[in-house]
Amino acid sequence: MGSRTSHAPRRSSLGYRRNRAARITPKPRAWPAYNGQPKLLGFLGIKAGMSQLSYIEDRRQSHLANREVTVACTVIETPPIVVYGLRGYAKTPYGLSISADLFSSEYKEELRRRVKTPKKYDFEKAKKNFEAKLPEMVEIRAIVHTQPYLTGIGTKTPSISEIKIGCNSPSEGFEYGLSLLGKEVMIRDVFKAGEFADVIAVTKGKGFQGPVKRHGIKILQHKSKGTKRGVGSIGPWHPARTMWTVPRHGQMGFHTRTEYNKRIMQIGSDGKEIIPDGGFINYGEVKNNYVLLKGSIPGSKKRTVFLRKPMRKTPQQEKEPQITYISRKSQQG
């Protein structure tokens, strides 16, 4: 038996799960540490498309510092979200466990498309129960829903998610949550231009694919026995099983992914400032508040994305960039 005369690194990464996302609305698995005035640590938006802008480079270490540069940017439409409930979590040996819930007595009519709302709800009784269990709570989250019917994407069913309330104590977070209960929250209440955010989204689905496309392995020579678009050997005789590290066919795309430290270039309220002639392809016009993020993000158009306060150290000082130009050139050729 001969041995191979050249070395090649293994293909594909073993650090990602490649199964289908459990839900199309992304769900954060962790939250950043926070000290300060009570505040929501995230927001939900809808991906509209991509554009490009020019701004004055403000990174001092960059070789293009103080010069005008053009970069790609992602447009996220951010209609107001509605806080319709609060949820408290207590710490147990098995992790966080729901301690108590408190819901608003008034609902948007469109929320009934997603959840079954109670006909009679004793708000005062639920509030007293929540306050009684407050000492055992370690985390307070706001239960929010989006308002896609304010956009032009053609859907009325809202998405529901939990957003942690950043606070110094659960009691402080509860009082802040009570002030938001049943009200709308704007993107400017959570983020500002120049900040960094983590973007959590579900990637484009590509269906069932082979190992060449899914993992990027080499196509074998045309005289290979059995297969060309596959690995030469899927494992030894002993142990008589295929290891999980072997590149195999399976689901590709529609995975939940997180991109860290995406810079917010601009937060605006008038979509006419950024809409290209003819609107965004496969989306249309931006009718609500919007966010411009530097670079690209996962997911397809019209898909809900989650903006979270950054978990990692930000790469530069947070200050509003000086934008000189936003492209409005037609994307329809």
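**Exercise 1. Determine where threonine 78 is placed, whether it is buried or exposed, and which residues it contacts.**

*Solution.* Step 1: threonine 78 sits in the loop between β3 (68–77) and β4 (81–92). Strands (E, at least two residues) and helices (H or I, at least four) are taken as DSSP runs, numbered from the N terminus. The model is a predicted one, in which local features need pLDDT of at least 70 and side-chain atom pairs count only at pLDDT 80 or more, whereas totals for chains, interfaces and linings use all residues. Residues are numbered from 1 along each chain as its sequence is written, and side-chain values use heavy atoms, with hydrogens and water left out.

Step 2: the relative accessible area of threonine 78 is 0%, so the residue is buried. The classes are buried, under 20% relative accessible area; exposed, over 50%; and partly exposed, in between (1.4 Å probe, protein chains only).

Step 3: neighbours within four places in sequence are set aside; contact means heavy atoms within 4.5 Å. Threonine 78 then touches Phe43, Leu44, Gly45, Ile187, Asn289, Tyr290 and Val291.

**Exercise 2. Carry out the corresponding analysis for leucine 102.**

*Solution.* Step 1: leucine 102 belongs to strand β5 (residues 95–103). Step 2: with 0% relative accessibility, leucine 102 counts as buried. Step 3: apart from neighbours within four places in sequence, leucine 102 is in contact with Gly85, Leu86, Tyr121, Phe123, Ala126, Lys127, Phe130, Phe174, Leu178 and Leu181. Step 4: a C-alpha separation of 9.6 Å is found between leucine 102 and lysine 128, which are 26 residues apart along the chain.

**Exercise 3. State how many salt bridges there are, and describe those of glutamate 139, arginine 141 and glutamate 259.**

*Solution.* Step 1: the criterion is a side-chain nitrogen of Lys or Arg within 4 Å of a carboxyl oxygen of Asp or Glu. Under this rule the count is twelve salt bridges.

Step 2: glutamate 139 pairs with lysine 164, their closest N and O atoms being 3.8 Å apart. This pair links distant parts of the chain, since glutamate 139 is in strand β6 (residues 137–145) and lysine 164 in strand β7 (residues 160–166), 25 residues apart. Glutamate 139 is buried, at a relative accessible area of 11%.

Step 3: arginine 141 forms a salt bridge with glutamate 162, with 3.2 Å between the closest N and O atoms. Because arginine 141 lies in strand β6 and glutamate 162 in strand β7, the pair ties together parts that are 21 residues apart in sequence. Arginine 141 is buried at 13%, and glutamate 162 counts as buried at 19%.

Step 4: glutamate 259 and lysine 262 form a salt bridge whose closest N and O atoms are 3.1 Å apart. Glutamate 259 is partly exposed at 27% relative accessibility, whereas lysine 262 is buried at 12%.

Step 5: salt bridges that share partners join Arg87, Asp101, Glu139, Arg141, Glu162 and Lys164 into one network.

**Exercise 4. Identify which residues form the nonpolar surface patch, and characterise tryptophan 244.**

*Solution.* Step 1: patch residues have over 30% relative accessible area and no salt bridge; like charges are joined within 9 Å, and nonpolar side chains (Val, Leu, Ile, Met, Phe, Trp, Tyr) within 5 Å. Step 2: Leu14, Met243 and Trp244 form such a nonpolar patch, with about 350 Å² of accessible area together; areas come from the Shrake-Rupley method with a 1.4 Å probe, and for residues only the protein chains shown count as cover. Step 3: tryptophan 244 is placed in the loop between α3 (211–215) and β11 (250–253). Tryptophan 244 is exposed, with a relative accessible area of 63%.

**Exercise 5. Locate the cis peptide bond and the positive phi angles of asparagine 282 and lysine 302.**

*Solution.* Step 1: most residues other than glycine have a negative phi, and most peptide bonds are trans. Step 2: histidine 238 and proline 239 are joined by a cis peptide bond, with omega about 0°. Proline 239 lies in the loop between α3 and β11. Step 3: asparagine 282, although not a glycine, has a positive phi of about 65°. Asparagine 282 is in the loop between β12 (256–268) and β13 (290–294) and is exposed, at 61%. Step 4: lysine 302 has a positive phi of about 70°, although not a glycine. Lysine 302 is in the loop between β13 and β14 (304–308) and counts as partly exposed at 39%.
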